[in-house]
Amino acid sequence: DPFAEALSVASCKLRIVFSLDGQETVIEFRYRPLGFQFCGRVPIVVERVERGGQAESVGVKRGMTITDIGYVDIKDLDFEEQRCLLENGAARLPVRRGRR
């Protein structure tokens, strides 16, 4: 089961591979919220990056396409499977409390 495998790989981080203009970028998220919003179809494309959020601080940009979530190549998964993998992976991360 790719979902169980992806979630068991690392419970303290979520590895996501993004692609933009043919270049792949591997980003490891360590807390939630992740700090970006995406479209409701495949491929999953980043539509908005929250200013000052985790995604912005690690280099996520509007227009990036997600190609891999938690070591699972998602190209053959439908939107609901991809969304579920992303949300379940994020749910395992600790919540970042407000900055002081």
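Q: How do you know that strand 1 and strand 5 pair, and in which sense?
A: Two strands pair if DSSP finds at least two bridges between them. Strand 1 and strand 5 share four bridges, so they qualify, and the sense is antiparallel. One spot to look at is F18, which stands opposite I66 in strand 5. Bear in mind that this is a predicted model: local features need pLDDT of at least 70, side-chain atom pairs count only at pLDDT 80 or more, and totals for chains, interfaces and linings use all residues. Residues are numbered from 1 along each chain as its sequence is written, and side-chain values use heavy atoms, with hydrogens and water left out.

Q: What makes a stretch a strand or a helix here, and how many of each are there in the chain?
A: Both are DSSP runs, numbered from the N terminus: a helix is H or I over at least four residues, a strand is E over at least two. By that count the chain has three helices and six strands. Along the sequence they come as α-β-β-β-β-α-β-β-α.

Q: How do you know that strand 1 and strand 2 pair, and what do they form?
A: The bridge count settles the pairing: seven bridges, in the antiparallel sense. V17 has V26 in strand 2 as its bridge partner, and F18 stands opposite T25 in strand 2. The two strands form a hairpin with two residues between them, and D21 in the turn has a positive phi of about 55°.

Q: What makes strand 2 and strand 6 edge strands?
A: Each of them pairs on one side only. They sit at the ends of an open, antiparallel sheet of four strands in the order 2-1-5-6.

Q: Why is strand 1 called mostly covered?
A: Buried means under 20% relative accessible area, exposed means over 50%, and partly exposed is in between (1.4 Å probe, protein chains only). Six of the seven residues in strand 1 are buried. For the whole chain, buried residues make up 38% of 100.

Q: Why is I44 called buried, and where does it lie?
A: I44 has 0% relative accessibility, so it counts as buried. I44 lies in the loop between strand 3 and strand 4. Contact means heavy atoms within 4.5 Å, and beyond its neighbours within four places in sequence, I44 touches residues including F38, M64, I66, F79 and Q82. R83 is on that list too; the C-alpha atoms of I44 and R83 are 8.5 Å apart, across 39 residues of chain.

Q: Is Q82 buried or exposed, and why?
A: Q82 has 3% relative accessibility, so it counts as buried. Q82 sits in helix 3. Setting aside neighbours within four places, Q82 is in contact with V42, I44, I69, I74 and L77.

Q: Why is the F38 and F79 pair called tilted?
A: Rings of Phe, Tyr and Trp (its six-membered ring) pair if their centres lie within 6.5 Å; planes under 30 degrees apart count as stacked, over 60 as edge-to-face and the rest as tilted. The structure holds five such pairs. In this one the centres are 6.4 Å apart and the planes make 55°, so it is a pair, and a tilted one. It links distant parts of the chain, with F38 in strand 3 and F79 in helix 3, 41 residues apart. F38 is partly exposed at 23% relative accessibility, whereas F79 is buried at 17%. Both belong to one aromatic cluster with F18, F29 and F36.

Q: How do you know that R15 lies over the face of Y71?
A: A charge sits over a ring if NZ of Lys or CZ of Arg is within 6 Å of the ring centre and within 35 degrees of the ring normal. R15 lies at 4.3 Å from the ring centre of Y71, so the distance fits.

Q: What makes a set of residues a nonpolar core, and which members touch the most others in the largest one?
A: The members are buried Ala, Val, Leu, Ile, Met, Phe, Trp, Tyr and Cys residues, joined through side-chain atoms within 4.5 Å. The largest such core has 22 residues, and L14, I16, F18, F29, L34, F36 and I66 touch the most other members. Strand 1, strand 2, strand 5 and helix 3 each supply at least two residues, with the largest share, four residues, coming from helix 3. Beyond its neighbours within four places, F36 is in contact with residues including I16, F18, F29, I66 and L86.
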